[in-house]
Amino acid sequence: MQNLFENAMAQLDKVAKLKNFEKEFIEALRHPDRDIRISIPVTLDDGSLKIFEGYRIEWNNALGPYKGGIRYHPLTDINEIKALAFLMMIKCAVTGIPMGGGKGGITVKPKNLSKGELERLSRGWVQKLVDNLGPYKDVPAPDVNTTPEIMSWMVDEYEKLTGEKSGACFTGKPLDRGGSEGRGPATGLGGYYVFHALRPHLAEDGLPQNCKVIVQGFGNVGSNVAEIFSAHGHIVMAVSDSKGGIYNENGLDIKKLIEYKKATGSLSGFEGAKDITNVELLETPCDLLIPAAFENVITEQNAPKLRAKAIMELANGPITPEADEILFKAGIPVIPDILANSGGVTVSYFEWDQNLKGEHWSEEEVNKKLKVILDDSSKKVYEKARELNTNLRNGAFILALERIKEKT
Ligand code: NAD
């Protein structure tokens with residue numbers, strides 16, 4: 001597995017040369033403001049004590065409070081969290097929201113814990129970090145394996161320890177604890193808005209009105225984006241999860257498929273669809289390929305075999321830098337993660353904003369504001385890439401670095 005952090009730093013070096021940023025500015029951005037590692041003692045249900053390793057990386061707050069999710073995963077380590085914190089800084093700057101970059105995590109397999117143990121662990125993370133957190137300091141959110149319920153335990157612990165009651169210290173909360181309407185589908189919907197803002201520029205001979213779309217991953221992001229594209233007349237031909245994929249060249253009924261997966265726990269055997277592997281899925285010809293599962297799935301090995309007209313990264317870091325070069329040379333445009341999946345953090349920012357103002361916006365209002373921000377950032381990323389005769393990823397990075405530099 002490639003090191004996400006090294007990939008992120010290589011990308012920083014690449015764009016630093018393209019735009020000639022000062023060495024000192026780039027060197028400062030290579031290091032987090034704070035790299036916090038904590039031990040969290042948790043009494044397990046059998047009365048024994050277990051110590052867990054936790055993290056919070058606060059990368060940069062030039063544009064606003066540190067912002068980024070908390071990941072619970074057995075393979076989570078400091079390098080992964082550092083890379084994701086750095087990318088959050090870039091992503092927030094691409095959208096132009098007043099937030100900086102951070103990320104947190106705990107090395108844990110949450111499925112191995114009871115609900116009570118998980119709650120004590122989550123409260124323990126807040127107890128160790130409470131002095132660093134706060135609506136104007138550092139505002140965490142859910143990420144892989146962390147849920148609105150976990151956020152509500154964390155907010156509760158934070159409020160008990162500090163007396164601060166706005167709820168703006170965490171986002172991704174349940175609706176009845178100050179969460180925002182529209183947060184669930186925000187990343188998928190944001191991807192849809194970004195795709196439509198950029199589609200006139202994605203293929204020389206244009207993309208068809210109803211695109212043939214393939215989605216890897218059928219979790220929060222993948223199932224939502226598949227449903228949204230399908231509801232807008234696109235043909236979602238294939239989707240997959242960790243067990244494999246399914247394919248029907250005339251399109252899958254995504255609403256029915258979501259119900260089917262809920263009922264059976266699997267995509268396999270869905271009526272009218274053929275089972276395929278994840279390898280076959282990525283190599284199937286289509287107008288738009290959307291990797292929405294995890295990092296480093298498109299590499300220098302499989303990039304030459306892809307037959308998509310365009311790719312939109314909804315997962316974080318699904319394309320390695322080597323594969324990115326291959327796709328660029330092959331003329332396959334890539335809408336980068338730092339733009340394409342920024343709908344989630346944008347609605348998180350809306351949640352923070354609503355909490356601080358004591359407001360609650362309708363889903364319609366949230367989606368309208370989301371579209372305005374993503375249309376604008378897509379346009380600016382495209383213009384920046386064109387100005388520098390480079391790809392959209394470099395354009396997005398440079399736009400972000402210019403915004404950070406202005407406030408540094
Ligand atoms: P999730 O856990 O809900 O879903 C992940 C999906 O990927 C699941 O369907 C899983 O079965 C599938 N998967 C796992 N291994 C796979 C494999 N080998 N091949 C194919 N599919 C596989 O996670 P999510 O929230 O949907 O996040 C997906 C990606 O999007 C991650 O990279 C995440 O960091 C990124 N992301 C998520 C959000 C958000 O709002 N949830 C925002 C920005 C970025």
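Colleague: How far does a backbone N or O atom of Gly 219 lie from an oxygen atom of the ligand?

Modeller: This is a predicted model: local features need pLDDT of at least 70, side-chain atom pairs count only at pLDDT 80 or more, and totals for chains, interfaces and linings use all residues. Residues are numbered from 1 along each chain as its sequence is written, and side-chain values use heavy atoms, without hydrogens or water. A polar contact is a pair of N or O atoms within 3.5 Å. For the backbone of Gly 219, the distance to a ligand oxygen is 3.1 Å.

Colleague: Which residue has a side-chain N or O atom 2.7 Å from an oxygen atom of the ligand?

Modeller: Asn 316 has a side-chain N or O atom 2.9 Å from a ligand oxygen. The value of 2.7 Å belongs to the side chain of Thr 187.

Colleague: How much of the ligand's accessible area does the protein cover?

Modeller: Accessible areas come from the Shrake-Rupley method with a 1.4 Å probe. On its own, the ligand has 840 Å². The protein covers 75%.

Colleague: In what order do the 5 strands of the open sheet stand?

Modeller: Strands are DSSP runs of E, at least two residues, numbered from the N terminus. They pair if DSSP finds at least two bridges between them. The pairing here is mixed, and the order is 1-2-4-3-5.

Colleague: Why is one side of strand 1 and of strand 5 left without a neighbour in the sheet?

Modeller: Strand 1 covers 34-43 and strand 5 covers 138-142. Both stand at the edges, so each has a single partner strand.

Methods:
Helix = DSSP H or I, 4+ residues; strand = E, 2+ residues; numbered from the N terminus. Polar contact = N/O pair within 3.5 Å; in protein donor to acceptor, adjacent residues only side chain to side chain.
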